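Let's take a walk through a protein model and see which side chains meet which. Keep the structure open while you read.

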Amino acid sequence: MLLVTFHGGKPSSNVPNPVHNVYAYKDSGGDPVETKVLHGADSYLKDAELRGLAWAYNHLYVANGRKDTNTVLRFKGSGTKYDFTNVFASREGGSGQSGIDSIFHPYALTFDNAQYCYVSSQDTDVVSRLVISDSTGKTGSAAPIPSGLPAGGTFFSGTFVACSQGKLPGLSATTPVATPQGLEVEIENGKVQHSVRDVLLTGGLLYVCDEAASLVKAYDVNGNCKLVSNSVPSPAHLLLNHGQLYVSGGDAVMSAPLNSSSIKFTAVADVDGKGASGMAFNAKGDKFFVADRKKNEVHSYDVSSTGIFSNKKKIIKDMPDNPEFIYYVSG
């Protein structure tokens with residue numbers, strides 16, 4: 001089963017019927033089997049802009065990037081139905097939680113195996129680190145600023161990877177952190193347009209898509225930038241499978257072997273990267289799925305035991321909105 005998030009937001013001439021929930025599709029394709037995967041959170045999902053999905057602590061966590069919401073929501077369930085349990089973290093706070101001002105237009109999230117959740121936010125251009133409050137993963141709070149950032153600096157709460165610019169539109173000033181340690185950002189017409197995207201944690205390193213820099217970077221547990229990739233066109237989505245790190249964005253799908261000393265991406269042969277956004281493998285790893293955000297489609301590929309991709313098929317078409325993330329679940 002494929003869970004899909006969409007651009008969402010308010011209706012526009014390009015997307016008159018934006019999607020504010022998660023759709024579920026069979027991994028064989030066809031029409032959606034469920035157009036309301038998330039239940040009990042309607043007040044949080046009004047005009048939602050849902051982005052990254054993550055499974056941790058026996059719950060599904062979903063980032064809502066709408067700028068006046070800025071939340072990570074937590075749901076309990078399986079298959080095609082998940083019931084709202086609580087707000088895991090938000091910029092505004094509430095219900096006994098402190099607001100985390102680094103979470104602004106959140107895009108993606110990832111968890112480690114112990115005590116932290118990492119959230120990337122486009123409009124602050126940072127990656128936040130959140131402390132898991134207890135063994136249930138019910139709530140997250142801002143973690144201390146890591147030693148990899150300048151001592152005594154001014155940062156948004158919970159900042160783990162900082163921005164290279166010290167003053168972004170509509171925000172208070174922070175301490176700029178020079179690249180490659182800091183994340184690059186582009187501002188157009190007074191708005192943040194190109195900034196941090198997906199995050200993925202594996203092998204003790206946090207991999208981060210620095211879209212504006214056309215790079216993927218890896219940070220250690222202290223927030224120090226340890227690895228910088230070769231050039232990648234507008235990296236937006238990350239995926240790990242069988243020791244290979246995949247990245248999509250800028251009309252390309254590329255991969256790199258996990259390596260402690262370098263990140264060197266090359267184009268994935270025979271995979272069409274035009275409009276590529278979310279990616280997923282099935283449980284066996286013999287099917288690869290990639291969303292086309294421009295044509296509102298999902299394609300599948302057969303994957304051989306030697307990692308050869310073939311037999312491209314358009315399995316989902318005429319989606320009502322631009323697909324963002326794809327998440328594979330059994331069911």
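## A buried pair of charges

Let's start with R51. Its relative accessibility is 5%, and since anything under 20% counts as buried, R51 is buried. Keep in mind that this is a predicted model.

Who does R51 pair up with? Its salt-bridge partner is E324, and the closest N and O atoms of the two are 3.9 Å apart. E324 is buried as well, because its relative accessibility is just 4%. Along the chain these two are distant: R51 belongs to strand 4 (residues 50-56), E324 to strand 27 (residues 323-328), and 273 residues separate them.

## More salt bridges

Side chains of opposite charge can pair when their charged atoms come close. In this structure that gives 12 salt bridges. Take K67 and D123, whose closest N and O atoms are 3.1 Å apart. K67 is in the loop between strand 5 (59-64) and strand 6 (71-78), while D123 is in the loop between strand 9 (116-121) and strand 10, so their bridge ties together parts 56 residues apart in sequence. Is D123 buried or exposed? At 9% relative accessibility, D123 is buried, whereas K67, at 40%, is partly exposed.

D272 and K312 make another salt bridge, with 2.9 Å between the closest N and O atoms. D272 sits in the loop between strand 22 (266-267) and strand 23 (276-281), and K312 sits in strand 26 (residues 309-316), so this pair connects parts that are 40 residues apart in sequence. D272 is partly exposed at 29%, and K312 is partly exposed at 40%. There's also a little teamwork: D47, R66 and D68 are joined into one network by salt bridges that share partners.

## A charge without a bridge

Now look at R129, in strand 10 (residues 126-132). R129 is buried but has no salt bridge, and the nearest side chain of opposite charge, D112, is 7.3 Å away. A salt bridge needs the charged atoms within 4 Å, so D112 doesn't qualify.

What does the side chain of R129 reach instead? It reaches the backbone oxygen of P144, at 2.9 Å. Beyond its neighbours within four places in sequence, R129 has plenty of other contacts, including Y116, Y118, S141, F160 and V221.

## Rings, and charges over rings

Time for the aromatics. A pair of aromatic rings is described by the distance of the centres and the angle of the planes. The count here is 18 aromatic pairs. In one of them, F88 and F111 have ring centres 6.0 Å apart and planes at 55 degrees, so the pair is tilted. F88 lies in strand 7 (residues 81-90) and F111 in strand 8 (residues 106-111), so the pair ties together parts 23 residues apart in sequence. Both F88 and F111 are buried. Elsewhere, Y246, F281, F288, Y301 and F309 form one aromatic cluster.

Rings can have charged company too. The charged end of R91 sits over the ring of F104, 4.4 Å from its centre. R197 does this with Y107, where the distance to the ring centre is 5.5 Å.

## A buried spot in a loop

Last stop: V19, in the loop between strand 1 (2-6) and strand 2 (23-25). With a relative accessible area of 6%, V19 is buried. V19 and A48 are 29 residues apart in sequence, yet their C-alpha atoms are 7.9 Å apart in space. Leaving out residues up to four places away in sequence, V19 touches F6, G8, A48, P320 and D321.

Conventions. Residues numbered from 1 in each chain as written. Predicted model: local features only at pLDDT ≥ 70, side-chain atom pairs only at ≥ 80, totals over all residues. Heavy atoms only, no water. Helix = DSSP H or I, 4+ residues; strand = E, 2+ residues; numbered from the N terminus. Buried < 20%, exposed > 50% of the residue type's maximum accessible area, 1.4 Å probe, protein only. Lys, Arg positive; Asp, Glu negative; His and termini not counted. Polar contact = N/O pair within 3.5 Å; in protein donor to acceptor, adjacent residues only side chain to side chain. Contact = heavy atoms within 4.5 Å. Phe/Tyr/Trp six-rings, centres within 6.5 Å; stacked < 30°, edge-to-face > 60°. Lys NZ or Arg CZ within 6 Å of the ring centre and 35° of its normal.
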